[in-house]
Structure formats: C-alpha cells, structure tokens
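Dear colleague,

I am passing on the structure we spoke about, and below it you will find my notes on what came out of it. Please read them with the structure open beside you.

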Amino acid sequence: MGRRGLFILFEGCDRSGKTTQSTRLVEALNESGVKAKLVKFPDRTTAIGKMIDEYLTQQTQLDDHAIHLLFSANRWEAMDQIRTDLESGTTLVVDRYAFSGAAFSAAKRLSLKWCKAPDVGLIAPDRVFFLDIHPDDAAKRPGYGEERYEKSQLQLEVRAKFFTLMDKSWTVIDAIKDADQIHSQIMTLVKRSLDRHEEDPAPIGKLWT
Ligand code: TMP
C-alpha cells in the first residue's frame, strides 16, 4: 500500500487569507502530481452545518456552549471521510479546525479546558500554518464585518488564544505579505514535509491525547 496523505491545516483569525491560500495550495499540489483535496470547517452543507450557518449569519441565537458543541459535531461527522481520504493517499488541506473552535469559544470566555474537551481524539493535523494578521489590518479587507465574530476586539482575543494553542507542528506566517509570496513560502514548507513523510511516514495521530 502507498503512503497515507498528509493533513495540512490552515488556522488564523477572520480574513487572514486562509481560504485563498488553502485553495491555491490544493491546486499547486495537484498540478505537481500530489493528490490533494480541500476540506473546510465549518462545513455548512450538512444539517449541523446549516444550523451553524444560521447562527453565524445572525439568523438565530444559540447559547455559547451549544454552538461550540455544534462546531465540534460538525468535525466529528467528517472524520470517517477524512480517515478514508488520508488512508487512500490523498493529502488534505483543511481550512480551520478544532483550534478555531477552542480559540473562538475561549475568546467568548468559556474555559479553554472545556472548549478543547469535545474535540479530543479527532484526527490530528500533521502540520499547521497560522496565517497571522493584526485584526486592524484584517478589518480593511473586503467583506469584513458581515459575520457574527468579525469584530476587532473579539478577533484580538481569538488571536491571543491561538498563540496559547500552538506547538511544534505550527508555523506562523506573516499574512500581511503578498499572496504570491505567502503561497511560495508555504509550498516550500509543504514539499519539505511531503519529502520527510516519504522517507519516514508517521501514523495518523489523535488530537490532544
Ligand atoms: P469561516 O469564515 O472560515 O467560514 O468561519 C466561520 C466563523 O466561525 C469564523 O468566525 C470562525 C468561527 N468558528 C468557530 O467559532 N468555531 C469553530 O469551530 C470553527 C471551525 C469556526
């Protein structure tokens, strides 16, 4: 059997360029012969995802704990597919994950320990890119402010929470730079991770265990 795929994650505050960079990375990997697929959380297409979308677009109100658990359930419902894809050799490029879950809810003053608990045991990412942008710069980007959490003070607190969640699998990228420059920096690092994985493959890990 061939090598499993890698789980590459993009995290960051709102409007930090995650969607642009994750999409470009998938295209570039596929063009270079590495089978890759984009996965995005929240996945707003499922029944749970639709509830999340209604909350984010301010059509409904939910208790902070309840919405936190829905975000987590939205990841758990994707785990079978994620495992299948990784095991079949597809590299997954994931736009947000449990770190967003913990950072956003903890910024709303839920305890970080409580916030992490429902996501313990999810499939762990192999490599995380944190696109770092100051919320004042993010606020200048098009479309900012349309969704519930796009407020500078909350985003500042989210950014601080992200920094408490980082470990050695994370790389902080200066997201104010030009998109092409960021893309080539990430592509170089991902190629290195793929080469290392080819020589010394690691088994699929479990998050926060
Ligand atoms: P998006 O803009 O990347 O679709 O993310 C939607 C918003 O939901 C964004 O403000 C971050 C927030 N979020 C959480 O609060 N918890 C989560 O678990 C995830 C994945 C996102």
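Gln 58, which comes just after helix H2, takes a positive phi of about 65°; please bear in mind, here and in what follows, that this is a predicted model.

The helix that precedes this residue, H2, covers residues 47-56, and its buried residues are Ile 48, Gly 49 and Ile 52. Looking down the axis of H2, one finds that these buried residues fall within an arc of 95°, and they therefore line one face of the helix. The general background is that an α-helix has 3.6 residues a turn, so residues three or four places apart point the same way. As for what this face meets, the buried residues of H2 pack against helix H3, which spans 64-76.

Turning to the whole protein, there are 9 helices and 5 strands, and, read along the sequence, they follow the pattern β-α-β-α-α-α-β-α-α-β-α-α-β-α. The radius of gyration is 17 Å, close to the 17 Å that the globule rule gives for 209 residues, so the protein is as compact as a globular protein of that length. Along its principal axes, the C-alpha trace spans about 45 × 35 × 30 Å.

Two further figures concern burial and contacts: of the 209 residues, 36% count as buried, and, among contacts between residues at least 6 apart in sequence, 80% join residues that are at least 24 apart.

With best wishes

Key. Residues are numbered from 1 along each chain as its sequence is written. This is a predicted model: local features need pLDDT of at least 70, side-chain atom pairs count only at pLDDT 80 or more; totals for chains, interfaces and linings use all residues. A residue is buried if 20 or more other C-beta atoms lie within 10 Å of its own, exposed if 12 or fewer, and partly exposed in between; C-beta atoms are placed from the backbone. Helices (H or I, at least four residues) and strands (E, at least two) are DSSP runs, numbered from the N terminus. The arc is that of the directions from the helix axis to the C-beta atoms. Two residues are in contact if their C-beta atoms, placed from the backbone, lie within 7 Å. The radius of gyration is taken over C-alpha atoms; the globule rule is 2.2 Å times the number of residues to the power 0.38.
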